[in-house]
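Please work through the exercises below with the sequence and the structure open beside you. Each one sets a task and then gives a solution that goes step by step.

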Amino acid sequence: MKRAIHLFPRFENQTQIDDLRAQYDPLHALIPPHLTLVFPFDSDLSTAALEAHIHQAIQGIAAFPLELHGITGGGHGYLFLNVKRGNDTIIHLHDRLYTGPLRPNLLRTVPYIPHLTVGRFDPSDGRGFHQALADTATFTDTFTTTITELHVERIAPDDRSELELTIPLTTPSCSPS
């Protein structure tokens with residue numbers, strides 16, 4: 001079965017992201033806005049084995065603040081909403097998840113840069129991609145939230161996302177004042 005591991009952030013002003021994705025991302029109706037930690041992979045791991053690996057990999061990683069701002073173009077016709085806060089933690093999660101049974105799925109030919117995809121274009125459609133970049137040049141909204149969990153999705157044959165697991169991050173301990 002095909003799976004992926006994501007963060008599904010929720011923002012107070014999420015409608016702006018939803019509107020962008022409806023305009024530029026053909027997958028907008030199939031999967032909610034997300035930051036991918038482990039890219040789609042084929043796996044025969046049981047749900048329990050995958051869950052055990054994730055719990056071990058994220059041990060000690062606490063909930064963290066996330067801030068997104070600014071749209072840039074990425075290779076092969078993508079529009080990215082960029083991570084401005086939380087980047088190091090996301091990279092750390094990515095690196096730890098790609099250990100053990102998920103290690104063979106790591107794409108070492110592509111550097112991992114955390115982002116939220118808001119647009120996808122056929123690489124041969126440079127005109128549409130460049131027009132979308134121009135159209136989003138004035139998009140200045142900032143999106144903030146706290147990431148408290150990660151999610152495993154199954155990818156259905158029609159590319160629709162089906163939630164398989166939700167795994168909480170640890171709660172940061174509070175010190176007495």
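**Exercise 1: the largest pocket**

In this predicted model, the largest pocket has a volume of about 900 Å³. Find the residues closest to its centre, and then name strands that contribute to its lining.

Solution. Begin with the residues that line the largest pocket, of which there are 31; those closest to the centre are Phe39, Tyr78, His115, Thr117 and Arg120. Then turn to the strands: at least two residues of the lining come from each of β1, β2, β4 (78–85), β5 and β7.

**Exercise 2: the open sheet**

Work out the strand order of the open sheet, and decide which strands lie at its edges.

Solution. Step one is the order, which reads β2-β1-β7-β8 for the four strands, with antiparallel pairing. Step two is to look for strands that pair on one side only, and these edge strands are β2 (35–42) and β8 (161–168). From one strand to the next, the twist averages 20°. Step three takes one pair in detail: β1, residues 2–7, and β7, residues 149–155, are joined in the antiparallel sense over four bridges, and histidine 6 stands opposite histidine 151 in β7.

**Exercise 3: helices on the sheet**

Describe how helices α2 and α3 are placed relative to the strands, and explain why the buried residues of α2 are on the same side of that helix.

Solution. First place the helices: α2, which spans residues 47–57, lies across β1, β7 and β8 and runs at about 40° to β8, while α3, residues 87–97, packs on the sheet, where it touches β1, β2 and β7 and makes an angle of about 20° with the direction of β2. Next list the buried residues of α2, which are Leu50, His53, Ile54 and Ala57. Because these residues cover an arc of only 95° around the axis, they are on the same side of α2. As a general rule, an α-helix has 3.6 residues a turn, so residues three or four places apart point the same way. Finally, ask what these residues meet: the buried residues of α2 pack against β1, α3, β7 and β8.

**Exercise 4: aspartate 125**

Locate aspartate 125 and classify its accessibility.

Solution. Aspartate 125 belongs to the loop between β5 (115–120) and α4 (126–135). Its relative accessibility is 33%, and since the partly exposed class lies between 20% and 50%, aspartate 125 counts as partly exposed. As a last step, compare it with alanine 22: the two are 103 residues apart in sequence, and their C-alpha atoms are 18 Å apart in space.

Note on methods: Residues numbered from 1 in each chain as written. Predicted model: local features only at pLDDT ≥ 70, side-chain atom pairs only at ≥ 80, totals over all residues. Heavy atoms only, no water. Pairing = 2+ DSSP bridges. Axes fitted to C-alpha atoms, helices over the stretch in contact; angles between N-to-C directions. Contact = heavy atoms within 4.5 Å. Buried < 20%, exposed > 50% of the residue type's maximum accessible area, 1.4 Å probe, protein only. Arc of directions from axis to C-beta. 1 Å grid on protein atoms, 1.4 Å probe; cavity = no way out; pocket = protein on both sides within 12 Å on 5 of 7 lines; lining within 4 Å. Points joined across faces, edges and corners; volume = space filled by probe spheres on them.
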